[in-house]
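Here are some questions and answers on how labels are given to parts of a protein model. Each answer sets a value against its definition.

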Amino acid sequence: MSDDVFMGRALELGAQGTPSPNPHVGALLVKEGTVVGEGWHERAGDQHAEVMAIAKAKKKAAGATMYVTLEPCNHHGRTPPCTDALIAAKIKRVVIGCLDPNPNVDGGGVDKLRAAGIDVLVGVREDDAKKLIAPWTKYVTQNLPYVTLKLALSLDGRIATRTGHSKWVTGAEARRRVHALRAQSDAVAIGIGTALADDPRLTVRDAPGPSPMRIVFDTKLRIGTDSKLVATAREVPTWVIASHDAPMSAEEALVSKGVEVMRAATSPEGRIDVRSALEALAQRGVVTLMIEGGAELAGSFLAAKLADELHVFVSPILLGPRARAAAVDWAGPDMVTQAPRIASAKWELVGDDAHVYGMLVYPD
């Protein structure tokens, strides 16, 4: 089999685990055309993908080819350098998906391997390898979380009936997919309007995986202490982001229930300034953030060009012109050519609903 095929398997392995705030990495050891070891980075602090693959291959690692999606690390962190493990295992050849983009480390993994006499090839399935670590790349290069925006709406672009009823616009299969997206995120966020109207739990129930941290953008600290989010704050970490002038008494009441309150600057419109909020979240180790509602919050992220990925679930129903407005509240572009769009959009049927998703691009 070719290098591309073996790297494809390494990419599949790399998608596993929840390694945040570290990147997803997959590794494959091949000897005489046979896979002798596989590995991935399961979670921060655990052994890296390369070390796991070597451990599984045991003595067969000597003379084998290592396929790894990201340049092996050459620095001491929570674990020793992977380059040392590769050299010690007498790996003959290393095929790398992409180089390490982290500007905060010394790097030099490729150079060290070559200096040890190992044949190194870089750039196999490079675009796919970069996509695998896209959230982490943004985190380490821009000091901002990678933001996924999720919307659910009817065929005529509405999110609720004229009475405000919204459960459920989309079907069970779509909701299961949303829960799977939650499980892949460090944190999930909503605006105070959604918190008050829907009183959600924002936990993962219909898919495997952990529940993410829950965040409410609440400028004036209006969320009630009897809400489901606050009532379960000691079970699932819950943060509320408020303005600097929100009442201290409300903060104290929330803190007493186990909620952490963060303060952030406000925009000229009086909303939480989303860039300031993202910078604060990144400082606390949030690499991936999923925005689930509401319309003002979604609009703020689009207007600031800070949403990186969009997932839209469209239900084959019509709610009418008097139904609740669209899922995004913002001024929008002056011309169609200026509109943000999904690049290379993927369309899938999820039950009776359509799921369109992909990376967002913002025309200049």
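Q: Why is Asp-84 called partly exposed?
A: Its relative accessible area is 33%. Buried means under 20%, exposed means over 50%, and partly exposed is what lies in between, with areas found by a 1.4 Å probe and only the protein chains as cover. The value of Asp-84 falls between the two limits, so Asp-84 is partly exposed.

Q: What kind of model is this, and how are its residues numbered?
A: This is a predicted model, in which local features need pLDDT of at least 70 and side-chain atom pairs count only at pLDDT 80 or more, while totals for chains, interfaces and linings use all residues. Residues are numbered from 1 along each chain as its sequence is written, and side-chain values use heavy atoms, with hydrogens and water left out.

Q: How do you know that Asp-84 and Lys-112 form a salt bridge?
A: A salt bridge needs a side-chain nitrogen of Lys or Arg within 4 Å of a carboxyl oxygen of Asp or Glu. The closest N and O atoms of Asp-84 and Lys-112 are 2.6 Å apart, so the pair qualifies. Asp-84 lies in helix α3 and Lys-112 in helix α4 (residues 109-115), so the bridge ties together parts that are 28 residues apart in sequence. Helices here are DSSP runs of H or I with at least four residues, strands are runs of E with at least two, and both are numbered from the N terminus. Lys-112, at 30% relative accessible area, is partly exposed.

Q: What makes Arg-9 and Glu-38 a salt bridge?
A: Their side chains meet at 2.9 Å, N to O, so the pair meets the cut-off. Arg-9 is in helix α1 and Glu-38 in strand β2, 29 residues apart. Arg-9 has 31% relative accessibility and counts as partly exposed. Glu-38, at 21%, is partly exposed too.

Q: Why does the pair of Asp-119 and Arg-93 count as a salt bridge?
A: The distance from N to O is 3.7 Å, and this is within the limit, so the pair counts. Asp-119 belongs to strand β5 (residues 119-122) and Arg-93 to strand β4 (residues 93-98), and the two are 26 residues apart. Asp-119 has a relative accessible area of 44%, and Arg-93 has 22%. Asp-3 joins these two in a network of salt bridges.

Q: How many salt bridges does the rule give?
A: The count comes to 18.

Q: Is Thr-69 buried or exposed, and how do you know?
A: Its relative accessible area is 1%, so Thr-69 is buried. Thr-69 sits in strand β3 (residues 65-70). Contact means heavy atoms within 4.5 Å. Apart from neighbours within four places in sequence, Thr-69 has contacts that include Met-7, Leu-11, His-24, Cys-98 and Leu-132.

Q: What makes Lys-58 stand out in its backbone?
A: Most residues other than glycine have a negative phi. Lys-58 is not glycine, yet its phi is positive, near 55°. Lys-58 comes just after α2, in the loop between α2 (49-57) and β3. At 65% relative accessibility, Lys-58 is above the upper limit and so counts as exposed. In α2 itself, the buried residues include Met-52 and Ile-54, and the buried residues of this helix pack against β1, β2, β3 and α3.

Q: Where else is phi positive in a residue other than glycine?
A: Asp-199 has a phi near 45°. Asp-199 is in the loop between α8 and β8 and, at 25% relative accessible area, is partly exposed.

Q: Why is the bond from Ser-20 to Pro-21 worth a remark?
A: Most peptide bonds are trans. The bond from Ser-20 to Pro-21 is cis, with omega near 10°. Pro-21 is in the loop between α1 (3-14) and β1 (26-31). Gly-293 and Gly-294 are also joined by a cis bond, with omega about 0°.

Q: What makes Lys-167, Arg-201, Arg-205 and Lys-228 a patch?
A: A charged patch joins like charges within 9 Å, using residues with over 30% relative accessible area and no salt bridge. These four gather in a patch of positive charge on the surface, since Lys and Arg count as positive. Arg-205, one of them, has 39% relative accessibility, so Arg-205 passes the area limit for a patch and counts as partly exposed.

Notes: Patches are made of residues with over 30% relative accessible area and no salt bridge: like charges are joined within 9 Å, nonpolar side chains (Val, Leu, Ile, Met, Phe, Trp, Tyr) within 5 Å. Accessible areas come from the Shrake-Rupley method with a 1.4 Å probe; for residues, only the protein chains shown count as cover. The place of a charge is taken as NZ of Lys, CZ of Arg, CG of Asp or CD of Glu.
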